[in-house]
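The following exercises concern the contacts and the symmetry of a structure with several chains. Please study the sequence and the structure before attempting them.

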Number of protein chains: 4
Amino acid sequence: MAGHFSQTIILGNVGKDPEIRTTQGGQKVASFTLATSETWKDKQSGEQREKTEWHRVVCWNEGVTSVIERFVRKGSKVQVVGQNQTRKWTDQSGQDRYTTEVVIKRFGGDLVLCGERGGDGGSSPQQSQPRQRNSQQRSGGWDAPSGDNLDDEIPF
Amino acid sequence: MAGHFSQTIILGNVGKDPEIRTTQGGQKVASFTLATSETWKDKQSGEQREKTEWHRVVCWNEGVTSVIERFVRKGSKVQVVGQNQTRKWTDQSGQDRYTTEVVIKRFGGDLVLCGERGGDGGSSPQQSQPRQRNSQQRSGGWDAPSGDNLDDEIPF
Amino acid sequence: MAGHFSQTIILGNVGKDPEIRTTQGGQKVASFTLATSETWKDKQSGEQREKTEWHRVVCWNEGVTSVIERFVRKGSKVQVVGQNQTRKWTDQSGQDRYTTEVVIKRFGGDLVLCGERGGDGGSSPQQSQPRQRNSQQRSGGWDAPSGDNLDDEIPF
Amino acid sequence: MAGHFSQTIILGNVGKDPEIRTTQGGQKVASFTLATSETWKDKQSGEQREKTEWHRVVCWNEGVTSVIERFVRKGSKVQVVGQNQTRKWTDQSGQDRYTTEVVIKRFGGDLVLCGERGGDGGSSPQQSQPRQRNSQQRSGGWDAPSGDNLDDEIPF
DNA sequence: TTTT
DNA sequence: TTTT
């Protein structure tokens with residue numbers, strides 16, 4: 001209702017199971033990463049090329065966080081509607097760093113579930129039943145992440 | 001045409017005159033920053049609060065770059081349609097850094113001119129005539145930037 | 001939060017002063033038309049061509065309606081964010097008719113004021129003061145493409 | 001690149017197999033309908049309610065039409081990115097009628113395949129192989145809300 | 001750095 | 001880290 005507008009829409013695949021944390025004030029916050037891939041034919045070499053872009057998503061919307069917690073996991077295809085927000089933090093050496101995230105807020109924020117990757121021998125429509133968190137489950141037949149130091153490899 | 005989608009729309013005000021540079025391959029590239037502000041009433045204190053978000057925009061679309069060069073300057077209100085892209089670079093201490101930008105590309109990218117801030121005593125409809133680059137003009141009656149070290153203050 | 005998504009964004013010029021009406025339940029509803037024009041060069045003839053598309057906008061969001069009532073009028077440049085909705089009605093001969101509108105609803109709906117068309121000799125920053133309704137004012141020098149019989153030419 | 005912007009994004013389910021026709025000039029054009037459903041709890045009665053909106057989609061983009069022809073069919077979940085366009089036609093009684101469609105054009109238009117509705121016992125990943133047109137297949141177990149007489153109920 |  |  002003002003003179004500005006900011007909206008980011010990402011429809012992609014979730015890279016890892018979302019993290020759900022609770023603020024000191026008791027609010028649940030969800031975060032995960034989304035991958036979008038583009039393929040094109042290189043004009044010069046004629047080769048098929050692909051580039052994957054990773055997007056960090058953070059959700060402060062209570063209702064949407066609840067949906068994420070229940071239905072979103074590694075490999076899910078989802079669309080998020082939010083706003084770009086750049087947040088300042090300090091790294092271990094004391095230097096300022098900045099990270100840009102797509103933030104799903106109270107109004108205008110949204111999440112659309114587009115379904116899992118099918119054909120994986122999963123026995124049940126996982127999207128329609130609560131997911132067991134903290135379990136030993138290997139999500140949807142996929143390989144587990146190759147390690148826990150993933151954060152070191154992700155640029156945010 | 002694939003299984004993914006990525007789009008960022010920002011309608012805001014341009015922070016400084018765009019930079020136009022030419023790649024070694026001869027391609028013109030434009031970049032500038034866009035500010036979007038939000039105001040809301042704090043529930044607890046009842047005070048009016050405001051937050052400004054800065055977005056870095058880069059344009060690799062030839063036609064759009066040409067429009068930016070001619071018509072966009074500090075203070076312009078424009079809408080850009082592009083895609084988030086995180087680019088890696090190395091800072092002076094040799095550390096990896098990441099910057100997220102809204103990139104206007106060949107297809108699906110767009111720029112909409114929404115007009116200048118009016119009432120500044122400007123004598124002519126600046127949006128409809130070419131802008132004099134490299135001139136001494138002070139854009140639209142605004143204060144000039146407070147210095148040239150602005151880059152140090154912008155988180156990208 | 002479901003499996004579907006619908007969003008229409010129109011940034012254009014308002015064709016006529018908005019109509020504000022009140023439902024029997026006391027809710028204010030605003031409606032107006034927005035024009036978007038495209039120009040392109042005809043490949044065959046090489047001539048410059050232009051096409052104007054008219055969009056009907058209806059607003060059921062109380063806050064946004066209030067902004068429309070105060071600040072939007074013929075010639076205003078605004079952006080609306082809403083959803084396509086096709087409504088059935090009966091014409092004078094008793095036949096079913098359908099009209100598609102962009103509906104601004106409670107959540108996710110939005111209106112962005114992009115300013116009036118400038119250069120009209122207007123003496124005051126009209127966007128920042130209440131508008132005089134029902135006055136003889138001619139709006140900002142902007143003319144809807146086709147005169148005053150717009151109703152005859154617009155399919156709604 | 002001008003002063004206007006128009007974009008409609010619909011992520012929904014395809015109501016019937018798309019129609020592919022060829023213009024006299026030899027251009028292929030695809031058209032289909034997309035359903036988006038919303039559910040909400042009625043404030044007064046507390047009942048769960050649902051509303052389905054139908055959107056007519058037309059595609060003049062050659063590459064996208066080719067993808068539609070091969071991969072989209074009744075029940076597919078797809079996202080389209082296009083522009084609202086209202087077209088005039090004459091009904092049997094000679095009266096003017098208007099139909100609004102989401103048009104996918106050359107630039108900025110897009111189609112995203114989000115997968116079929118799963119759990120239908122289908123034996124193969126249908127999205128990754130050409131579709132058999134004109135076959136007796138019943139699509140993916142997904143039923144458009146209202147049977148096979150869809151044409152009678154859809155206002156286009 | 002913008003704008004309201 | 002995802003997906004195709």
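**Exercise 1. Determine how many salt bridges and polar contacts the rule finds between chain A and chain C, and describe the surface that chain A contributes.**

Solution. Step 1: across the interface of chain A and chain C the rule finds zero salt bridges, where a salt bridge is a side-chain nitrogen of Lys or Arg within 4 Å of a carboxyl oxygen of Asp or Glu.

Step 2: two residue pairs are in polar contact across the interface of chain A and chain C, both residues at pLDDT 80 or more. A polar contact is a pair of N or O atoms within 3.5 Å; within protein, one must be able to donate a hydrogen and the other to accept it, and residues adjacent in sequence count only if both atoms are side-chain atoms.

Step 3: at least two residues each of the side of chain A that touches chain C come from β1 (5-14), α1 (62-71), β5 (77-90) and β7 (110-113) of chain A. β7(A) gives the most, with four residues. These elements are DSSP runs numbered from the N terminus, helices (H or I) having at least four residues and strands (E) at least two.

Step 4: this side of chain A has 11 nonpolar, six polar and one charged residues. Ala, Val, Leu, Ile, Met, Phe, Trp, Tyr, Cys and Pro count as nonpolar, Asp, Glu, Lys and Arg as charged, and the others, Gly among them, as polar.

Step 5: the contact, meaning heavy atoms within 4.5 Å, takes 18 residues from chain A and 18 residues from chain C. About 1400 Å² is buried between chain A and chain C, and carbon and sulfur atoms give 62% of it. Buried area is the accessible area (1.4 Å probe) that two parts lose on being put together, summed over both.

A note on the basis of these values: this is a predicted model, in which local features need pLDDT of at least 70 and side-chain atom pairs count only at pLDDT 80 or more, while totals for chains, interfaces and linings use all residues. Residues are numbered from 1 along each chain as its sequence is written, chains are lettered from A and ligands numbered from 1 in the order in which they are written, and side-chain values use heavy atoms, with hydrogens and water left out.

**Exercise 2. State what rotation superposes chain A on chain C, and which residue of chain A comes closest to the axis.**

Solution. Step 1: chain A is superposed on chain C by a rotation of 180° with 0.0 Å of shift along its axis, at an RMSD of 0.0 Å. The two copies are thus related as by a two-fold rotation axis. Superposition is by least squares on the C-alpha atoms of residues with pLDDT of at least 70 in both copies.

Step 2: G108(A) comes closest to the rotation axis among the residues of chain A, with its C-alpha at 1.8 Å.

Step 3: 100% of the interface residues of chain A are also interface residues in chain C, so the copies meet through the same surface.

**Exercise 3. Describe the interface of chain D and chain C, and find the residue of chain D whose C-alpha is nearest the axis.**

Solution. Step 1: chain D and chain C each give 35 residues to the contact. Between them they bury about 2700 Å², 40% of it on carbon and sulfur atoms.

Step 2: two salt bridges cross this interface. K105(D) and E38(C) form a salt bridge through their side chains (3.2 Å, N to O). The rule also finds 18 residue pairs in polar contact across the interface of chain D and chain C.

Step 3: β1 (5-14), β3 (28-41), β4 (48-59), β5 (77-90) and β6 (96-104) of chain D each supply at least two residues of the side that touches chain C. The largest share, nine residues, comes from β1(D). By class, this side of chain D divides into nine nonpolar, 18 polar and eight charged residues.

Step 4: β1 (residues 5-14) of chain C pairs with β1(D) in the antiparallel sense over seven bridges, pairing requiring at least two bridges found by DSSP. T8(D) is the bridge partner of T8(C).

Step 5: a turn of 180° and a shift of 0.0 Å along the axis lay chain D on chain C with an RMSD of 0.0 Å. The C-alpha of T8(D) is the nearest to the axis in chain D, 2.1 Å from it.
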